[in-house]
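Me: I have a protein on my bench and its model on my screen, and I would like a close look at one part of it. Could you walk me through that part and then show me what lies around it?

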Amino acid sequence: MKKRVGLLLAIITALVMLVLPLGTQSAQAADTSLQDIQKKGVLVMGTSPDYPPYEFQATVNGKSKVVGMDVQIGQKVAKDLGVKLKIKSMSFDSLLVALQTGKVDMIISGMNPTPARRKNVAFTNTYYQGGYDIVINKTDAAKYKNKDSFNGGTLGAQTGTTQYNAAKKQTKNTQVKGMTSQSDLILALQSHKIDGVAMEKPSAEAYVANNKQLAAIPSKFNMSSSATSSAIAFRKGSTSLVNKVNQTVAEIKQEKLVKKTYLPTAGKYLKTNTVNTSMGHYWQAFLTGIEYTLIITVCSVFFGFIIGIILALARMAKGGVFKTILRWIATAYVEFIRGTPMMVQVMFVYFGLGLFVNLPALTSGIIAISLNSGAYVAEYIRGGINSVDVGQTEAARSLGMSNGRTMRYVILPQALKNIWPSLGNEFITLIKDSSIVSIIGVTELIYQSNIVRSDTYRGVAPIVVIMVLYFILTFTASRILNYFERRMQHA
């Protein structure tokens, strides 16, 4: 599953790069990156908040927010630029695509300025020099000493990171498993799906300090200085902006703000997170997840039904050249949408269309799921229309009704009755499929469960809670739909 996410992101990146050269040429001709940010008044920071103490979720004054060392650095950068900071959360392997498509203005997420990454983005000077450890279960402390101890075992790492690439290249007879979320890796470790998790030393120390069942060992990876340091990433060609932010980075390093201020502050939030780790304490997070899940589902069902009707009628159009072309277009759309994963459709709408229209994550998610649902609903409706006896049409036409009125008042009502169970099943499916939009940072149930897992360092309990919540939502929706189905049967 995680490998497929990486492949889909590679496809999106390739599509993006087909369009980016035009923007890059204009950026090289006239670099206005600094003026643009100051004129906009807002600096959007992309980050993956599952990597304490760099960036993670914490409950502050009853509300969950992104905190950590990198967030404090972002706040100082924004302050020095004279703008406000806006934080946009998403998976780590989506960050570079988000930067290239203009969804974020900069990335501060413990990102290493490797030569490969420098080809696509501009980095500031490094603001922190770290190292790598491997987190293991404390019961395995006598078995594992470093990366060479995992011969025949499984080593996990966050997809898209330098430690993931190092684990792939520098271990022998070891299966390397990548996941997009650090909390998912820790859960896999504690459930013995993997034997160790490679991560940066401060992050490893944070997990071990807050979970007595874990221990950290030195990784012994052979890494260059660029692969063990962190820097701020901007779009390629943002020379004036990078130069300005380098002044802030220099001040941070000169005054040793990371060690003196930022890391201690992050440590306080980490301790706060473990004071109350009960699931009831996070009821507001789960409630927010339910709210967004229902918003996405209801809107997608509404727009998907409208799209489905249009597509179904277009596919059944007969007659002249215009109707033939319309039928071909509708058929091609349905086949294309049904032949591609919803995940890549969500990413294309958010990142791909983001090159031209800056759509919010929630709006992008609703559009993508609506377009996907419309293709399936179209086939349900087309099947329902075909199931209505042709005599109904003939009777309506003999009464002088037009084709449009016949379809509206005679055929569609009967078709809707016939396909109601299928439409109900589509509604139930969308409740669950809405979880896909978590990959672009929409705060639905899956996203919120990841927040709770990052807050509490508990892996299984949040999953159990959202399983129960999803069941309640789908069961309730199923009962409501069955009620209306019975009413239709007796109508």
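Which residues are linked with K40 in a network of salt bridges?

Reply: Happy to take you through it. Please keep in mind that this is a predicted model. The residues linked with K40 in a network of salt bridges are D105 and R235.

Let us begin with K40 and D105. Their side chains meet in a salt bridge, with 2.8 Å from N to O. K40 belongs to helix 2 (residues 33-40), while D105 sits in the loop between helix 4 (95-100) and strand 6 (106-107), so this pair ties together parts that are 65 residues apart in sequence. The two partners also differ in their surroundings: K40 is partly exposed, at a relative accessible area of 45%, whereas D105 is buried, at 6%. The cut-off behind that word is a relative accessible area under 20%.

The third member, R235, leads us into a sheet. Strand 15 covers residues 233-235, and this strand pairs with strand 6 in the antiparallel sense over two bridges. Within this pairing, I107 stands opposite A233 of strand 15. Strands 6 and 15 are part of an open sheet of five strands, with the order 5-1-6-15-7 and mixed pairing. At its edges stand strand 5 (84-89) and strand 7 (121-123), each with a single partner strand, so one side of each has no neighbour in the sheet. As background, strands of a sheet pair through backbone hydrogen bonds, either parallel or antiparallel.

It helps to set the K40 and D105 pair beside other salt bridges in the model. The count comes to nine salt bridges. One of them joins D133 and K201, whose closest N and O atoms are 3.1 Å apart. Here D133 lies in strand 9 (residues 132-137) and K201 in helix 8 (residues 201-209), so the pair ties together parts that are 68 residues apart in sequence. D133 is buried, at 7% relative accessibility, and K201 is partly exposed, at 33%.

Another salt bridge has its two ends in one helix. The side chains of D80 and K76 meet at 3.6 Å, N to O. These residues are four apart in helix 3 (residues 69-81), which separates D80 and K76 by about one helical turn. In this pair the lysine is the buried partner, K76 having a relative accessible area of 15%, while D80 is partly exposed at 30%.

Next, the empty space inside. Rolling a probe the size of a water molecule over the atoms shows where empty space is left. A search of the whole structure finds two cavities of 30 Å³ or more. The largest cavity holds about 80 Å³ of space. Its lining is made of 15 residues, and Y51, F92, S109, G110 and T161 lie nearest the centre. Sorted by class, that lining of the largest cavity has eight polar, four charged and three nonpolar residues. Strand 2 (50-51) and helix 6 (162-170) each supply at least two of the lining residues of the largest cavity.

Strand 2 also takes us to a second sheet. Three strands make up this open sheet, in the order 2-3-4 and with antiparallel pairing. Strand 2 and strand 4 (63-67) stand at the edges, each with a single partner strand, so one side of each is left without a neighbour in the sheet. Strand 3 (residues 55-60) is joined to strand 4 by five bridges, and the two run antiparallel. Along this pairing, V60 stands opposite K63 of strand 4.

The second largest cavity holds about 60 Å³ of space. Its lining residues are S183, I186, L187, Q190, Y207, R453, Y457, R458 and G459. Helix 7 (residues 182-190) gives the largest share of that lining, four residues. By class, the lining of the second largest cavity has four nonpolar, three polar and two charged residues.

One last stop is Q448, which lies in helix 17 (residues 445-456). Q448 counts as buried, at 5% relative accessibility. Leaving aside residues up to four places away in sequence, Q448 touches A285, T288, G289 and T443.

To return to your starting point on screen, find K40, D105 and R235, the three residues linked in a network of salt bridges. From R235 you can then follow strand 15 (residues 233-235) to its antiparallel partner, strand 6.

Terms used:
Residues numbered from 1 in each chain as written. Predicted model: local features only at pLDDT ≥ 70, side-chain atom pairs only at ≥ 80, totals over all residues. Heavy atoms only, no water. Salt bridge = Lys/Arg side-chain N within 4 Å of Asp/Glu carboxyl O. Buried < 20%, exposed > 50% of the residue type's maximum accessible area, 1.4 Å probe, protein only. 1 Å grid on protein atoms, 1.4 Å probe; cavity = no way out; pocket = protein on both sides within 12 Å on 5 of 7 lines; lining within 4 Å. Points joined across faces, edges and corners; volume = space filled by probe spheres on them. Nonpolar A, V, L, I, M, F, W, Y, C, P; charged D, E, K, R; others polar. Pairing = 2+ DSSP bridges. Contact = heavy atoms within 4.5 Å.
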